[in-house]
There are 2 protein chains.
Amino acid sequence: MSTSFAPLKNDTFLRALMRQPTDYTPLWLMRQAGRYLPEYRETRKQAGSFMGLATNPDYATEVTLQPLDRYKLDAAILFSDILTVPDAMGLGLSFAEGEGPRFANPLRDEKAVRALQVPDLSSLQYVFDAVTQIRRSLDGRVPLIGFSGSPWTLACYMVEGGGSDDFRLVKSMLYDRPDLMHHILKTNATAVAGYLNAQIEAGAQAVMIFDTWGGALADGIYQTFSLAYMREVVKQLKSEHNGVKIPSIVFTKGGGLWLEEIADIGADAVGLDWTVNLSKARAKVGNKVALQGNLDPNVLFAKPEQIRSEVEKTLQAFGKPAANSGHVFNLGHGISQFTPPESVTVLVDAVHEISRSMRA
Amino acid sequence: MSTSFAPLKNDTFLRALMRQPTDYTPLWLMRQAGRYLPEYRETRKQAGSFMGLATNPDYATEVTLQPLDRYKLDAAILFSDILTVPDAMGLGLSFAEGEGPRFANPLRDEKAVRALQVPDLSSLQYVFDAVTQIRRSLDGRVPLIGFSGSPWTLACYMVEGGGSDDFRLVKSMLYDRPDLMHHILKTNATAVAGYLNAQIEAGAQAVMIFDTWGGALADGIYQTFSLAYMREVVKQLKSEHNGVKIPSIVFTKGGGLWLEEIADIGADAVGLDWTVNLSKARAKVGNKVALQGNLDPNVLFAKPEQIRSEVEKTLQAFGKPAANSGHVFNLGHGISQFTPPESVTVLVDAVHEISRSMRA
């Protein structure tokens, strides 16, 4: 199927992930298709709800492409939600307006945990259809990133039943019944690997695993309950499709202390948040993985000169890319819904201009 | 005034902070006087509100001593709130039931920032009265810790007007108007140093600076906007009172990546959260500062065997204390209001027993 896709015109992002030379530092933004864009809010209004957007391939394609029409971004990322997989497992996902995700059937006891199964991927066909349709619509402009939540991050929502600020329920289970937690994580790892591989089959040209809540775990616990299962996912990923390499990115927000261990699980790139010193990170693991990040999204609330100055600091921290190293510019977390859209123009131009001049 | 206090019967905590030999690893718990204790909830009901408790030295003394009557803790900590200082600056603190702190007059523009002044310490006399009364009531059982929020952490609340999960307003000011942010932080640093010194004069035997939100800052920004001002506070602290050394502790939650820099600001001890590997931390800075921490409070929701096992892991991670090193056991964050009080008994006994046997 994917043999019919248009050839790629801008492969800078993929080259950086594979630590090959590039003319400039490529960038994309986590949550780049989102509420800060008026055209996104308009489409969402038409769709009626967030899930109305995410489950309809036409809408998903439309919003995925919106930021690319405005900005010279170097990658597109599938518009979807990390909770599609637990939803397909029968947990009953909903989004109450202005709140966050909610599961009608969270995993709170042994019976619920033991009943958990890897979902039939056909129930996620709407995601794979969106991937294929987006890839076609991109027409080779930039590569398309597929993604999933990490096994641990999915487990947080599956046990808590929604967002949490202390992770009391999921960590209570982890410490009190590690056997149940491992059962959830093993199931999630199999599901996530299958889900990402199906996205690759459908047209995703790179994949990213979002471990949004790994940084909430204790040292030692993180390695056993989050990192080990991401390693399992990466091991099961198709590293190429139709003879083309599919690079993978892992991102544990708040995982800076575990950088060397994260760089060791077999992924091609590691995402970093803004607490990490890019220069030190490169010195530690830059010859093993590409690095992605790591501007604080709040920089985008400053004036253009300050945005440029912070972009330059970030690019200089990584330093001049050399053979066998790669940097993909990104924020250290999703872009804020309150971001002025014109700040993103300043950001994108600054990254491209400054990184080009650094290579000159 | 403090010459009239009873001599100290248990100085294990102070000795550990000063990296002197101890018979066992001392412990106390952040927020040990709190809602998980039924007797605390009872006193709070009488007081009518949180601020009713904190501003009345009789109530503050009563709740400070409650956990010591139940558990063999090795230190008491003043019952108060980190926001007393900005309240004294005229920002108008209130606590809405079930919400969090709110400031009626947050710092949102240049005029408000420029009007900010170091408060007259007499407006905080209720805190110093509480310190003296608690110290007397302790009658030498264990040392009393005084505390303050860090300049940056106070600034977060002062600009946001309350809690925040993205720090958008305070970081917008930081990136857009660093001059205003430095003005706030400089004022806060002077106020915090004076506040802590007055607590020392009133009877505090150690002081702790809580930098709860330093870990939200980017690398480079943390050093300039949080750490530099904590260094300023530490420099101004009375390191002894009436010929007795007053040790200081700094704690940046989420600051593990900056451990070496934090250990370098002149404090006697550094607090650590659970993401930090205690063994590595000790290897890096253990001969320069004592370490305090770092169990995940959620461990207290597990069964007694698991609690003991996690305590043992934490003690073993630090390793056998040797000359010139010190470990104070604590949680990596405040104890949860949902903690079963009997779990704390298990914890306290485990820390004392296991750490004694490790020294045998």
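Two residues are taken to be in contact if their C-beta atoms, placed from the backbone, lie within 7 Å. By this criterion, in the predicted model considered here, residues 24 or more positions apart account for 72% of the contacts in chain A with a separation of 6 or more.

The overall dimensions of the chain come next. Chain A has 360 residues and a radius of gyration of 19 Å, which agrees with the value near 21 Å for a compact globule. Its C-alpha atoms fill a box of roughly 60 × 45 × 45 Å along the principal axes. Within chain A, 15 helices and 11 strands are found, and 54% of the 360 residues count as buried.

One helix pair serves as a helpful example of the packing. Helix 7 (residues 125–138) and helix 10 (residues 178–202) of chain A pack with their axes 8 Å apart and at an angle of about 35 degrees; their crossing is right-handed. On the side of helix 7, the meeting residues are A:Val127, A:Phe128, A:Val131 and A:Thr132, while helix 10 brings A:Ala198, A:Gln199 and A:Ala202. By class, this contact has five nonpolar and two polar residues, and no charged ones.

A closer look at a single residue rounds off the picture. A:Val159 lies in helix 8 (residues 151–160) of chain A. A:Val159 counts as buried because 25 other C-beta atoms lie within 10 Å, where 20 or more suffice. Apart from neighbours within four places in sequence, A:Val159 is in contact with A:Pro106 and A:Leu107, and also with A:Leu169, A:Val170 and A:Met173. The C-alpha atom of A:Ala47, 112 residues away along the chain, is separated from that of A:Val159 by 29 Å.

Terms used: Residues are numbered from 1 along each chain as its sequence is written. Chains are lettered from A and ligands numbered from 1 in the order in which they are written. This is a predicted model: local features need pLDDT of at least 70, side-chain atom pairs count only at pLDDT 80 or more; totals for chains, interfaces and linings use all residues. Helices (H or I, at least four residues) and strands (E, at least two) are DSSP runs, numbered from the N terminus. The radius of gyration is taken over C-alpha atoms; the globule rule is 2.2 Å times the number of residues to the power 0.38. A residue is buried if 20 or more other C-beta atoms lie within 10 Å of its own, exposed if 12 or fewer, and partly exposed in between; C-beta atoms are placed from the backbone. Axes are lines fitted to C-alpha atoms, for helices over the stretch in contact, and angles run from 0 to 180 degrees between N-to-C directions. A crossing is left-handed if the near helix is turned anticlockwise from the far one by less than a right angle, and right-handed if clockwise. Ala, Val, Leu, Ile, Met, Phe, Trp, Tyr, Cys and Pro count as nonpolar, Asp, Glu, Lys and Arg as charged, and the others, Gly among them, as polar.
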